[in-house]
Amino acid sequence: MTSDALILITGMAVVTFIPRFFPLLLLSKKEISPSFSRWMSFIPVSIFAALVASDVFFWEGSFSLQPIQNIKLIPSVLVLFVAYKTKSLLWSMITGVLAMALLYIFL
Amino acid sequence: MKNDTVLSGMRAGLPIMASYLALGIACGIVLYDAGFSVLAIFLMSALVYAGAAQFLAGSMVAFGAAVPSIILMVFFLNLRHILMSASISKYVKNKPMSFLGLFGHTLSDESFGINYSRFQGDDWTANEALITNLFNYSAWSLSTVLGGIIGSQFTINTLIMNYALIAMFICMMVMQFVSKAHIIAGIVSVVLSVLFTVVLKHNIALVIATVLASFVGYYLEKRSAEEGVKAND
């Protein structure tokens with residue numbers, strides 16, 4: 001393994017551990033106000049929506065709503081439907097990857 | 001730790017372990033393709049344990065990005081964990097430092113998603129949540145290594161492999177659709193993150209969109225609760 005890979009992995013480990021551990025450490029000792037935790041209940045849905053949108057609506061770096069060019073759009077609609085019906089991570093993933101593979105082959 | 005704690009923790013982790021198997025193999029393939037050895041892939045999964053960050057590192061290394069800028073991007077990508085770590089903290093109160101360290105290290109998007117919904121339910125304990133985390137962590141580490149080995153033997157399309165992660169995030173999002181306000185927050189976050197990504201051309205857009213959308217959701221919920229009180233008067 002090169003030293004570059006080691007430095008990269010160490011750096012990534014540090015910047016991953018800090019945001020996961022310190023809020024846990026600092027907040028687990030205190031009472032959190034009800035309105036703060038009500039606000040935080042909206043964080044996960046917003047995070048996942050942002051992660052999905054910033055990937056799905058972009059193709060090769062630019063915004064694209066053309067399902068023929070941006071082949072992630074149709075699979076995403078399918079996955080949204082399957083996820084809503086089944087609430088299953090596995091089925092969502094299988095649907096998405098299969099749809100992507102089919103579109104990739106035929107377009 | 002009791003046997004049934006381990007069993008129920010494992011059972012909660014099973015669907016995630018299954019998807020980590022697929023996702024981890026995909027990630028291992030992407031990383032091997034970017035030039036990481038199987039040993040480096042294992043080390044990264046064990047020490048970093050962040051699927052999205054590892055996919056990102058794979059694609060940035062493939063583009064020839066410098067080490068400091070990759071670490072910075074990973075840092076920004078991981079800012080979302082502050083919010084997850086903070087919101088799950090109330091369920092691991094009064095646990096020793098070693099517990100919190102291990103729990104924090106193994107707190108992934110998916111473990112968070114499943115544990116957070118379980119905690120909102122009836123009788124989920126911090127120990128069960130840690131067990132779930134640890135099983136997911138092991139599944140991820142092993143699968144990425146497996147992916148690296150597969151990648152070293154065959155040529156596989158990484159665009160399709162990358163999509164596995166997005167499909168998973170879509171499902172995690174849908175699982176958080178617990179009220180109308182939460183759905184609206186999700187939609188607002190979609191619109192804002194696209195808008196800010198176009199304008200800022202930077203990953204920080206996701207953090208800004210997330211914080212703003214969560215305030216919109218909070219405000220909507222508060223307003224409808226107040227209207228409910230008024231209607232009852």
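**Exercise 1. Determine how many helices and strands chain B has, and state how its elements follow one another.**

Solution. Step 1: In this predicted model, the secondary structure of chain B consists of eleven helices and zero strands. Step 2: Along the sequence, the elements of chain B therefore give the pattern α-α-α-α-α-α-α-α-α-α-α.

**Exercise 2. Assess the radius of gyration of chain B against the globule rule.**

Solution. Step 1: For 233 residues, the globule rule gives 17 Å. Step 2: The radius of gyration of chain B is 19 Å, which is close to that value, so chain B is as compact as a globular protein of that length. Step 3: Along the principal axes, the C-alpha atoms of chain B fill a box of roughly 70 × 50 × 30 Å.

**Exercise 3. Describe chain A by its elements, its radius of gyration and its box.**

Solution. Step 1: Five helices and two strands are found in chain A. Step 2: Starting at the N terminus, these elements are arranged as α-α-α-β-β-α-α. Step 3: The radius of gyration of chain A is 19 Å, whereas a compact globule of 107 residues would have one near 13 Å. Step 4: The box filled by the C-alpha atoms of chain A, taken along the principal axes, is roughly 55 × 45 × 30 Å.

**Exercise 4. State the domains assigned to each chain and the separation of their centres.**

Solution. Step 1: In chain A, the domain assignment gives domain 1 (1–30) and domain 2 (43–106). Step 2: The C-alpha centres of these two domains of chain A are 29 Å apart. Step 3: In chain B, the assignment gives domain 1 (3–176) and domain 2 (177–233). Step 4: Taken over C-alpha atoms, the centres of the two domains of chain B are separated by 26 Å.

**Exercise 5. Analyse the contact between domain 1 and domain 2 of chain B.**

Solution. Step 1: Eight residues of domain 1 of chain B touch eight residues of domain 2 of chain B. Step 2: On the side of domain 1 of chain B, the elements giving two or more residues are α4 and α9 of chain B. Step 3: With three residues, α4(B) supplies the largest share of that side. Step 4: Sorted by class, the side of domain 1 of chain B has six nonpolar residues, one polar residue and one charged residue.

**Exercise 6. Characterise the side of chain B that touches chain A.**

Solution. Step 1: The contact involves 81 residues of chain B and 61 residues of chain A. Step 2: On the side of chain B, α9(B) gives the most, with 14 residues. Step 3: By class, this side of chain B has 54 nonpolar, 21 polar and six charged residues.

**Exercise 7. Describe how helix α3 of chain A and helix α9 of chain B cross, and name the residues in contact.**

Solution. Step 1: Helix α3 of chain A spans residues 43–56, and helix α9 of chain B spans residues 158–175. Step 2: Their axes come within 8 Å and cross at roughly 145°. Step 3: The crossing of α3(A) and α9(B) is left-handed. Step 4: From α3(A), the contact is made by Val45(A), Phe48(A), Ala49(A), Leu51(A), Val52(A), Asp55(A) and Val56(A). From α9(B), Ile166(B), Phe169(B), Ile170(B), Met172(B) and Met173(B) take part. Step 5: By class, the contact of α3(A) with α9(B) has eleven nonpolar residues, no polar residues and one charged residue.

**Exercise 8. Report the confidence scores of the model and of its chains.**

Solution. Step 1: The model as a whole scores ipTM 0.85 and pTM 0.75. Step 2: Chain A has an average pLDDT of 89, and 95% of its residues score at least 70. Step 3: Among the elements of chain A, helix α2 (residues 34–40) has the lowest mean pLDDT, 82, and helix α4 (residues 73–86) the highest, 96. Step 4: Chain B has a mean pLDDT of 88, with 98% of its residues reaching 70 or more. Step 5: Among the elements of chain B, the lowest mean pLDDT, 82, belongs to helix α4 (residues 67–78), and the highest, 97, to helix α2 (residues 38–47).

Technical notes:
Residues are numbered from 1 along each chain as its sequence is written. Chains are lettered from A and ligands numbered from 1 in the order in which they are written. This is a predicted model: local features need pLDDT of at least 70, side-chain atom pairs count only at pLDDT 80 or more; totals for chains, interfaces and linings use all residues. Axes are lines fitted to C-alpha atoms, for helices over the stretch in contact, and angles run from 0 to 180 degrees between N-to-C directions. Helices (H or I, at least four residues) and strands (E, at least two) are DSSP runs, numbered from the N terminus. A crossing is left-handed if the near helix is turned anticlockwise from the far one by less than a right angle, and right-handed if clockwise. Two residues are in contact if their C-beta atoms, placed from the backbone, lie within 7 Å. Ala, Val, Leu, Ile, Met, Phe, Trp, Tyr, Cys and Pro count as nonpolar, Asp, Glu, Lys and Arg as charged, and the others, Gly among them, as polar. pLDDT is the predictor's confidence in each residue, from 0 to 100. Domain bounds come from an automatic or database domain assignment. The radius of gyration is taken over C-alpha atoms; the globule rule is 2.2 Å times the number of residues to the power 0.38.
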